[in-house]
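Dear colleague,

I am passing on the structure we spoke about, with the sequence alongside, and my notes on it follow directly below. Please read them with the model open in front of you.

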Amino acid sequence: MQRRPKTAGCAIIILMFAGAFAMRMYRIDQPLLDFHPIRQYRTAILARVYYYQGTESVPQWKKELLAAYKSRIPLLEPPIGEIVTAGIWRIAGGEYLWLPKIVSCVYWLVGGIFLYLIACRLISPSAACFSILFYLFWPYNIFISRSIQPEAMLVMLYLCSVFLILRYYDRPTIPGLILAALVAGCAVLIKPYIIFPIYAAFISLGIFKQGLTGFVMSPKPMLFVIISLLPGGVYYGHSFLASEYLGRRSQMQFVPTLLLTGRF
């Protein structure tokens with residue numbers, strides 16, 4: 001059962017989120033050199049490609065030049081953030097690198113709301129305040145949440161999926177299960193490795209609530225697995241077949257055989 005904070009607690013939470021947002025706005029318009037600059041500029045260039053493709057005033061030669069550049073860059077994840085950035089630039093009327101930074105910060109802060117709700121359900125509002133204090137103000141988190149990379153969106157979707165999993169086990173319904181699986185599937189689509197903590201939450205809570213036999217015999221876990229794997233499975237399955245680079249990269253980043261070695 002979720003426990004609600006008192007009025008003073010609500011005021012502290014609001015102040016923490018406001019302070020975290022203000023801290024992230026400091027020099028937000030500076031070049032993308034504070035965190036993984038190569039990756040950030042790669043994202044910015046891809047966003048420019050999508051921005052130019054949908055802007056009639058851009059000369060054709062610029063579109064062709066960037067299209068040629070895009071063909072030489074293998075896509076690591078689906079370019080969701082780049083497409084969103086291009087749309088924001090189109091609305092704003094120009095390429096402002098601080099706009100996707102702000103969007104990334106908002107993703108991170110929304111993730112903090114879900115973290116707070118999770119901690120309230122599992123522990124207490126006081127513990128939840130400490131959780132989001134660490135989440136919002138740990139220096140590494142400040143830098144990565146200002147970065148125009150997919151991590152902030154990933155963390156938001158991951159925390160949202162865990163919250164929905166908790167809510168599903170409190171009130172087990174098929175719509176609740178499908179919603180949790182869909183959000184988990186969106187997180188897996190952004191970065192596949194997030195599947196491990198999501199499934200850890202779903203399986204551990206299922207065994208805790210239903211027992212090992214009840215969890216294994218229920219068809220609902222299989223429904224969750226199918227829905228959550230479908231978007232990422234389709235995208236990355238097609239990408240691996242179309243790109244040798246992604247296959248080599250995945251083999252370098254995910255080596256499960258290391259789990260069988262004593263040194264690891």
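Glu77 and Arg39 are both buried, and in this predicted model their side chains meet in a salt bridge, with 2.7 Å from N to O. Glu77 sits in the loop between helix 3 (60–71) and helix 4 (80–92), whereas Arg39 belongs to helix 2 (residues 37–53), so the pair ties together parts of the chain that are 38 residues apart in sequence.

Glu151 and Lys191 make another such pair, the closest N and O atoms of this salt bridge being 3.5 Å apart. Here too distant parts of the chain are linked, since Glu151 is in helix 8 (residues 151–170) and Lys191 is in the loop between helix 9 (174–190) and helix 10, 40 residues apart. Both Glu151 and Lys191 are buried. You may like to display these residues together, given that Arg39, Glu77, Glu151 and Lys191 are linked in a network of salt bridges.

A further salt bridge joins Lys209 to Asp170, with 3.7 Å between the closest N and O atoms. Because Lys209 lies in helix 10 and Asp170 in helix 8, this pair ties together parts that are 39 residues apart in sequence. Lys209 has a relative accessibility of 45% and therefore counts as partly exposed, and Asp170, with a relative accessible area of 35%, is partly exposed as well. Searching the whole structure gives seven salt bridges, and the pairs described here are among them.

Helix 10 deserves a separate look. How far apart are the end C-alpha atoms of helix 10 (residues 195–217)? They span only 22 Å, although a straight helix of 23 residues would span 33 Å at 1.5 Å a residue. Helix 10 also bends, by about 110° at Gly211. The buried residues of helix 10 are Ile195, Ile198, Tyr199, Ala201, Phe202, Leu205, Gly206 and Phe215. When you look at that list, it may help to recall that an α-helix has 3.6 residues a turn, so residues three or four places apart point the same way.

Helix 5 (residues 98–122) can be checked in the same manner: at 1.5 Å a residue its 25 residues should span 36 Å, and its end C-alpha atoms are indeed 36 Å apart, which agrees. Of those 25 residues, 18 are buried, so helix 5 is largely enclosed by the rest of the structure.

With best wishes

Conventions
Residues numbered from 1 in each chain as written. Predicted model: local features only at pLDDT ≥ 70, side-chain atom pairs only at ≥ 80, totals over all residues. Heavy atoms only, no water. Helix = DSSP H or I, 4+ residues; strand = E, 2+ residues; numbered from the N terminus. Expected span 1.5 Å × (residues − 1). Bend = angle between axes of the 7 residues up to and from the residue. Buried < 20%, exposed > 50% of the residue type's maximum accessible area, 1.4 Å probe, protein only. Salt bridge = Lys/Arg side-chain N within 4 Å of Asp/Glu carboxyl O.
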